[in-house]
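Me: Please take a close look at the salt bridges in this model, and then describe the parts around them. I would like a connected account rather than a list.

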Amino acid sequence: MDNTLILVLLPLVLVALALQIFALVDLYRRDKSRVQGGNKWVWLAVILLINPVGAIAYLLAGRTEGNGRQNY
């Protein structure tokens, strides 16, 4: 494989991985009442199966500011 292609793709892969890890950690720490729809399992599947669009969708639309306390 061409080294130039690797140097171009590596940062993109690392950013996508970091975004996915951030979304997973946020989902884990967030109380169920503060997740859109109240179903963390669905958002887990979205984040894991539709990478990186799933992580972006969760961070933009999956989190709510409900009355539940944060689980930090």
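Reply:

**Salt bridges and their surroundings**

Two salt bridges are present in the structure, which is a predicted model. Asp26 takes part in a salt bridge with Arg30, where the closest N and O atoms are 3.2 Å apart, and Asp26 also forms a salt bridge with Arg63, with the closest N and O atoms 3.4 Å apart. Because Asp26 belongs to helix H1 while Arg63 sits in the segment after helix H3 (53–62), this pair ties together parts that are 37 residues apart in sequence. Through the partner they share, the salt bridges join Asp26, Arg30 and Arg63 into one network. As a general point, side chains of opposite charge can pair when their charged atoms come close.

The members of this network can also be described by their accessibility. Asp26 has a relative accessibility of 7% and therefore counts as buried, and Arg30, at 5% relative accessibility, counts as buried too. Arg63, by contrast, has a relative accessibility of 31%, so Arg63 counts as partly exposed, given that the buried class ends at 20% relative accessible area and the exposed class begins over 50%.

Since Arg63 lies in the segment after helix H3, that helix deserves a description of its own. In H3, the residues Gly54, Ala55, Tyr58, Leu59 and Gly62 are buried, and because they cover an arc of only 135 degrees around the axis, they are placed on the same side of H3. The buried residues of H3 pack against H1 and against helix H2 (40–49), whereas the face of H3 turned away from its buried side carries Val53 and Leu60, which are exposed. Helix H1 is thus named twice in this account, since Asp26 of the salt bridge to Arg63 lies in H1, and H1 is also one of the helices against which the buried residues of H3 pack.

Helix H1 spans residues 3–29 and includes Leu5, which brings in a surface feature made of nonpolar side chains. Leu5, Val8, Leu9, Leu12 and Val13 form a nonpolar patch on the surface, and together these residues have about 440 Å² of accessible area. Leu5 has a relative accessible area of 38% and is therefore partly exposed, a value that satisfies the requirement of over 30% relative accessible area for residues in such a patch.

Methods:
Residues numbered from 1 in each chain as written. Predicted model: local features only at pLDDT ≥ 70, side-chain atom pairs only at ≥ 80, totals over all residues. Heavy atoms only, no water. Patch = residues over 30% accessible without salt bridge, like charges linked within 9 Å, V, L, I, M, F, W, Y side chains within 5 Å. Areas by Shrake-Rupley, 256 points an atom, 1.4 Å probe, with all protein chains shown as cover. Salt bridge = Lys/Arg side-chain N within 4 Å of Asp/Glu carboxyl O. Helix = DSSP H or I, 4+ residues; strand = E, 2+ residues; numbered from the N terminus. Buried < 20%, exposed > 50% of the residue type's maximum accessible area, 1.4 Å probe, protein only. Arc of directions from axis to C-beta. Contact = heavy atoms within 4.5 Å.
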